[in-house]
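Biologist: Can you walk me through this one? I would like to start with terms and then go to the details.

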Amino acid sequence: RDTGGPAIAGQVLLTPVTDGGEVHPSHQENGDGYGLTAAVMRWFWDHYCDPADRSDPRASPLRAASLSGLPPAIVVTAQFDPLRDEGDAYARALAAAGVPVQHIQAKGQVHTSIPAVDMLVTGAPFRADMAAAIRGFVGAGVPA
């Protein structure tokens with residue numbers, strides 16, 4: 001959007017990382033015992049960018065001055081995920097900016113459970129929602 005890049009039909013954001021500059025309550029609530037840990041997220045951030053750059057919207061889109069004009073989105077957050085609160089906040093921020101957003105709060109799910117195809121059937125409805133969103137983003141010509 002900001003650099004005049006190609007048109008993007010939509011965003012599919014599954015348990016997204018949106019804020020590297022703040023520790024949200026879910027980082028503590030779900031930071032251990034659910035697969036993805038707060039310690040592992042710190043390791044990822046330490047290898048992704050310097051602490052001084054973590055508030056840059058290119059690394060932390062939740063911190064962008066404006067989210068208006070972004071493509072429509074589906075944001076799926078998981079109840080027992082350290083990233084839950086920042087994903088929830090990003091969905092709210094997109095909506096507040098006038099971006100069409102479908103926000104699904106996946107109760108009973110952890111960070112990695114939804115994409116666990118053929119391992120955890122509880123993620124199937126959320127995967128179906130994401131597939132439906134993609135079909136909507138690219139048009140009715142995509143087979144179901």
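Modeller: A residue is called buried under 20% relative accessible area, exposed over 50% and partly exposed in between, with a 1.4 Å probe and protein chains only. This is a predicted model, in which local features need pLDDT of at least 70 and side-chain atom pairs count only at pLDDT 80 or more, while totals for chains, interfaces and linings use all residues. Residues are numbered from 1 along each chain as its sequence is written, and side-chain values use heavy atoms, with hydrogens and water left out.

Biologist: Is Trp45 buried or exposed?

Modeller: Trp45 is buried, at a relative accessible area of 10%. Tyr48 is exposed, at 57%. Both residues sit in helix 2, three residues apart, about one turn of the helix. Helices here are DSSP runs of H or I with at least four residues, strands are runs of E with at least two, and both are numbered from the N terminus.

Biologist: How many aromatic pairs are there in the whole structure?

Modeller: Three turn up in the search. Rings of Phe, Tyr and Trp (its six-membered ring) pair if their centres lie within 6.5 Å; planes under 30 degrees apart are stacked, over 60 edge-to-face, and the rest tilted. One of the pairs is Tyr34 with Phe80, which is stacked, at 5.1 Å centre to centre and 15° between the planes.

Biologist: Where in the chain are Tyr34 and Phe80?

Modeller: They link distant parts of the chain, 46 residues apart: Tyr34 is in the loop between helix 1 (25-29) and helix 2 (38-48), and Phe80 is in strand 2. Tyr34 is partly exposed at 30% relative accessible area, and Phe80 is partly exposed at 26%. Trp45 and Tyr48 also form a pair, an edge-to-face one with 5.5 Å between centres and 80° between planes.

Biologist: On to the sheet. What is the strand order?

Modeller: The order is 1-2-3, in an open sheet of three strands with parallel pairing. Strands pair if DSSP finds at least two bridges between them. Strand 1 and strand 3 are the edge strands, each pairing on one side only. Neighbouring strands are turned by 15° against each other on average, direction ignored.

Biologist: How many bridges join strand 2 to strand 3?

Modeller: Seven, and the two strands run parallel. Phe80 stands opposite Val110 in strand 3. Strand 1 and strand 2 are paired over four bridges, also in the parallel sense. Val12 has Ile74 in strand 2 as its bridge partner, and Leu13 faces Val75 in strand 2.

Biologist: How many residues of strand 2 are buried?

Modeller: Six of its eight, so strand 2 is mostly covered under the 20% cut-off.

Biologist: Which strands does helix 4 lie across?

Modeller: Helix 4 lies across strand 1, strand 2 and strand 3, at about 170° to strand 2. Helix 3 (residues 84-96) lies across those three strands too, at about 150° to strand 2. Contact means heavy atoms within 4.5 Å. Axes are lines fitted to C-alpha atoms, for helices over the stretch in contact, and angles run from 0 to 180 degrees between N-to-C directions.

Biologist: Which residues of helix 4 are buried?

Modeller: Phe126, Met130 and Ala133. Seen down the axis of helix 4, they fall within an arc of 60°, so they line one face of the helix. That arc is taken from the directions from the helix axis to the C-beta atoms.

Biologist: And what follows helix 4?

Modeller: Gly139, with a positive phi near 110°.
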